[in-house]
Structures are given as structure tokens and as C-alpha cells.
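Visitor: Could you walk me through the aromatic rings in this one? I'd like to hear the reasoning behind the labels.

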Amino acid sequence: MEIHVKVNGVEYQHEVEPRLLLVHYLRDVLRLTGTHIGCETSVCGSCTIHVDGKASKSCNMLAVQVDGCEVLTIEGLAMKDELHPLQEAFRDNHGLQCGFCTAGMIMTAADFLNELSDLSKESIQDALKGNLCRCTGYHNIVKSIMQAAEKMKEVPV
Amino acid sequence: MSATNGMIGQSVKRVEDKRFITGKGRFTDDIVLPGQTYAAFVRSPYAHAKIIRVDIDEAMGMPGVVQIFTGKDVVHINGVPVGWP
């Protein structure tokens with residue numbers, strides 16, 4: 001099937017098999033390997049990207065489902081050379097160790113920071129329940145997101 | 001103080017973080033090399049059983065299969081660390 005999709009601001013047109021998973025399209029066809037495959041069952045969240053602005057788990061979508069959509073991956077999050085406040089905050093707060101879950105954590109947070117009215121530690125922990133980290137624990141990840149939220153209050157992204 | 005650039009007691013940013021937070025890390029599954037092959041592991045479907053023999057003939061004849069290794073191929077390797085003796 002033919003799909004037209006905009007990924008990180010670039011228009012693509014590809015002939016894909018109907019069964020091709022979106023995450024495989026991103027990683028294997030577009031070679032955007034910043035989006036990871038952890039569990040392939042929507043549990044771990046490491047494949048999280050944005051589809052039309054909403055955080056979505058790309059291992060549980062087909063490539064044909066994003067026909068006509070705008071997709072944003074971790075590679076497209078930073079504006080030009082400037083890091084997104086979340087990326088900056090993860091670095092500042094040691095919010096990552098091995099880095100495997102990081103793209104998903106950041107993409108999930110980049111969506112819910114726009115929607116959550118209550119940015120308490122508890123509500124951030126709750127919003128992160130679909131993302132697993134196996135190295136650092138979640139303390140520094142939550143800390144990073146809280147710092148980014150503060151910064152984005154001053155300068156909205 | 002000068003020898004350590006004043007880093008003692010300071011929080012230091014990791015040099016590898018930039019690539020991870022921008023999606024430019026390179027994990028094993030991200031690597032594509034010319035002629036690269038892939039491994040698939042076949043595990044026992046039984047929790048407690050005795051292996052009488054492993055028949056690889058049919059699998060070996062499938063398209064794209066380069067090689068199959070079974071326990072016989074690694075029997076000469078001693079001391080593979082496992083949790084059980």
C-alpha cells in the first residue's frame with residue numbers, strides 16, 4: 001500500500017506492506033533508529049513517538065495507519081541545534097543511564113506536559129506509567145520532567 | 001585544584017548523554033552492515049525434558065538460513081557461566 005507521511009517535517013512517500021509496523025517503518029525504512037523496540041507489546045513505551053501531536057506507541061501501530069499524518073520522533077524534537085527543555089533537563093539531572101528508554105520517556109513527557117494541569121511528582125509518575133526504565137529508577141526522570149516543566153512555564157515550546 | 005579543573009565536588013555532565021537524548025545513540029539493533037546476518041534463538045518448548053536429538057534438516061533447507069548451531073557445536077566450550085552447576 002502507498003503511504004504519504006510527514007516525519008520530522010520531511011514528506012515521505014513509500015510503498016509498504018500492510019502488515020509493516022510503524023516502528024519498523026521508522027527504524028528500517030527511514031533509518032530513524034532513535035525510536036527503540038523494547039517489548040513489542042505496548043508495555044515498555046520505548047517506541048513512543050507523536051502522531052499528529054499525540055504520544056503513541058509505534059510498535060502497536062501499522063505504518064499504513066499514519067497515512068496522511070504528521071509524525072514526530074526524538075530526532076525531530078530538538079529545534080535546529082537547540083535542545084528541547086526536556087532533553088536539556090534529562091542531561092542536567094542524570095535522567096538516563098543506558099539511554100534505551102530515554103527517547104520514549106521524553107516523547108511521552110513532551111505530550112503530557114502540554115496537557116497536565118497538575119505537575120506534581122505524583123501526577124508525573126502516573127503519566128509515566130506506560131514507560132519502563134530498567135537502569136536509573138524513576139526518581140531522576142521525574143526530577144528532569146519537573147525541571148523542564150518549570151522552564152516551559154517561563155518559555156513555552 | 002588546577003589539576004582537576006575544579007571538578008571535585010561538582011556534578012559533571014556525561015559526555016555520552018547528548019547522543020542518547022537526541023536519538024543518535026547506537027545500540028546493537030541499530031547497526032546495519034553489508035552482508036549482515038541475524039540470529040534467531042530456538043528454546044525448548046518443554047520446561048523439563050531430555051533432549052534425545054535435534055533435527056535441523058528441515059530448518060537448514062529453508063530460504064535464507066546460513067547456519068544452525070546446536071549444543072553439539074559448543075560442547076567443547078567448558079565453563080559457560082550459569083547459575084546452576
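Visitor: What makes B:Phe20 buried or exposed in this predicted model?
Guide: The relative accessible area of B:Phe20 is 13%. Buried means under 20%, so B:Phe20 counts as buried.

Visitor: And how do you know whether B:Phe27 is buried or exposed?
Guide: Same kind of check. B:Phe27 comes out at 18% relative accessibility, and the cut-off is under 20%, so B:Phe27 is buried.

Visitor: Why is A:Phe100 called partly exposed?
Guide: Its relative accessible area is 27%. Partly exposed runs between 20% and 50%, so that's the label A:Phe100 gets.

Visitor: How many aromatic pairs are there over all chains?
Guide: Two. In one of them, the ring centres of A:Phe100 and B:Phe27 are 5.2 Å apart, with the planes at 85°. Edge-to-face needs over 60 degrees, so this pair is edge-to-face. It crosses between chains, with A:Phe100 in the loop between helices H3 and H4 of chain A, and B:Phe27 in the loop between helices H1 and H2 of chain B.

Visitor: What makes the pair of B:Phe20 and B:Phe27 tilted?
Guide: The planes are 35° apart. Stacked is under 30 degrees and edge-to-face over 60, so what falls in between is tilted. The centres here are 5.7 Å apart. Together, A:Phe100, B:Phe20 and B:Phe27 make one aromatic cluster.

Technical notes: Residues numbered from 1 in each chain as written. Chains lettered and ligands numbered in written order. Predicted model: local features only at pLDDT ≥ 70, side-chain atom pairs only at ≥ 80, totals over all residues. Heavy atoms only, no water. Phe/Tyr/Trp six-rings, centres within 6.5 Å; stacked < 30°, edge-to-face > 60°. Helix = DSSP H or I, 4+ residues; strand = E, 2+ residues; numbered from the N terminus. Buried < 20%, exposed > 50% of the residue type's maximum accessible area, 1.4 Å probe, protein only.
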